[in-house]
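Q: Could you take me through one part of this protein up close, namely the sheet and how it sits in the rest of the chain? I'd also like to hear about the pocket.

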Amino acid sequence: MKLMYAPASPFARKVRASAIELGLGDAIELVLTKVAPGSPNEAYARNYNPLRKIPALELEDSTVLYDSTVICEYLDARAGGGGIIPAAGEDRWRVLTRHALAQGMCEAAILLRYETWLRPEEVCWPTWVEEQWGKIRNGLDWFEANAETLEGTMDLANIALGCLLGYLDFRFAEEDWRARCPRLDGWFAEISRRDSFTATDPALTAVT
Ligand SMILES: N[C@@H](CCC(=O)N[C@@H](CS)C(=O)NCC(=O)O)C(=O)O
């Protein structure tokens with residue numbers, strides 16, 4: 001399998017970390033892919049994802065899967081099912097809903113990155129920037145208040161939250177989320193030692 005990715009992408013990291021947790025890390029070849037608003041990669045749009053977003057996963061039979069959540073579901077099924085997403089029952093809906101929150105926080109963080117890094121300063125919209133931070137901080141507060149839900153296995157929601165926290169450290173170090181979330185701080189320090197997180201740390205692997 002080939003994964004179109006960038007080392008700094010929290011969505012690509014979610015896929016890579018999931019693959020490692022599922023024992024599929026060695027089955028994936030990484031293909032560095034550049035995409036960014038304002039610099040459309042048309043070849044990538046044509047051959048992989050018309051939305052021009054990474055990650056995308058090309059399978060052995062040339063089928064292409066996206067987005068990151070679909071790819072993680074596929075990897076979980078390929079590894080036998082139930083590894084990072086419970087197959088059925090209440091736990092499944094709990095994990096998928098917690099994942100939707102962490103995923104939404106990652107989406108807000110990426111939009112913030114584009115707004116503050118790519119958008120010309122004279123057309124920036126501070127109210128919108130604050131709204132994205134509001135979504136991230138609300139999510140952090142929810143996970144902090146419900147930190148006991150993070151204990152136990154590394155499910156898809158935990159992996160996505162870990163990728164979000166790593167992305168905040170990497171791109172928004174000035175946002176002191178640790179002071180706001182001491183329980184998440186302890187949890188993140190622990191999962192950061194797992195192979196799935198050390199091997200995918202954007203600070204150690206990012207090229208852009
Ligand atoms: N919902 C998508 C989001 C992917 C995404 O936004 N990726 C960013 C890089 S981190 C991207 O490709 N941005 C390029 C663009 O928006 O044009 C997923 O979960 O895979």
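A: First, a bit of vocabulary: two strands count as paired here if DSSP finds at least two bridges between them. Keep in mind, too, that this is a predicted model.

With that settled, start at Leu 3, in the middle of things. In E3, its bridge partner is Leu 57, and in E2 its bridge partner is Leu 30. The two pairings run in opposite senses: E1 (residues 2-5) and E2 (residues 29-32) are parallel, over 4 bridges, whereas E1 and E3 (residues 56-58) are antiparallel, joined by 3 bridges. To get from E1 to E2 the chain passes through H1, and this β-α-β crossover is right-handed.

Now zoom out to the whole sheet. It is open, its 4 strands are ordered E2-E1-E3-E4, and the pairing is mixed. E2 and E4 (64-65) are the edge strands; each has a single partner strand, so one side of each lacks a neighbour in the sheet. As a general point on side chains, those of a regular strand alternate between the two faces of the sheet.

How does this fit into the chain? The protein has 10 helices alongside its 4 strands, and reading along the sequence you get β-α-β-α-β-β-α-α-α-α-α-α-α-α. So the strands are done early in that pattern, and helices take over after them. In overall dimensions, the C-alpha trace spans about 45 × 45 × 30 Å along its principal axes. The radius of gyration is 17 Å, which agrees with the value near 17 Å that a compact globule of 208 residues would have.

On to the pocket. Rolling a probe the size of a water molecule over the atoms shows where empty space is left. The largest pocket comes out at a volume of about 990 Å³. Its lining counts 40 residues, and Val 35, Ala 36, Pro 37, Ile 110 and Tyr 114 are the ones nearest its centre. By character, the lining splits into 22 nonpolar, 9 polar and 9 charged residues.

H1 (10-21), the helix of the crossover, turns up again here: together with H4 (90-117) and H6 (156-171), each supplies at least two lining residues. H4 gives the largest share, with 8 residues. Domain 1 (2-83) and domain 2 (90-194) both take part, each contributing at least three residues to the lining.

Technical notes:
Residues numbered from 1 in each chain as written. Predicted model: local features only at pLDDT ≥ 70, side-chain atom pairs only at ≥ 80, totals over all residues. Heavy atoms only, no water. 1 Å grid on protein atoms, 1.4 Å probe; cavity = no way out; pocket = protein on both sides within 12 Å on 5 of 7 lines; lining within 4 Å. Points joined across faces, edges and corners; volume = space filled by probe spheres on them. Nonpolar A, V, L, I, M, F, W, Y, C, P; charged D, E, K, R; others polar. Domains from an automatic or database assignment. Right-handed = clockwise from strand over helix to strand, strands pointing away. Rg over C-alpha atoms; globule rule 2.2 N^0.38 Å.
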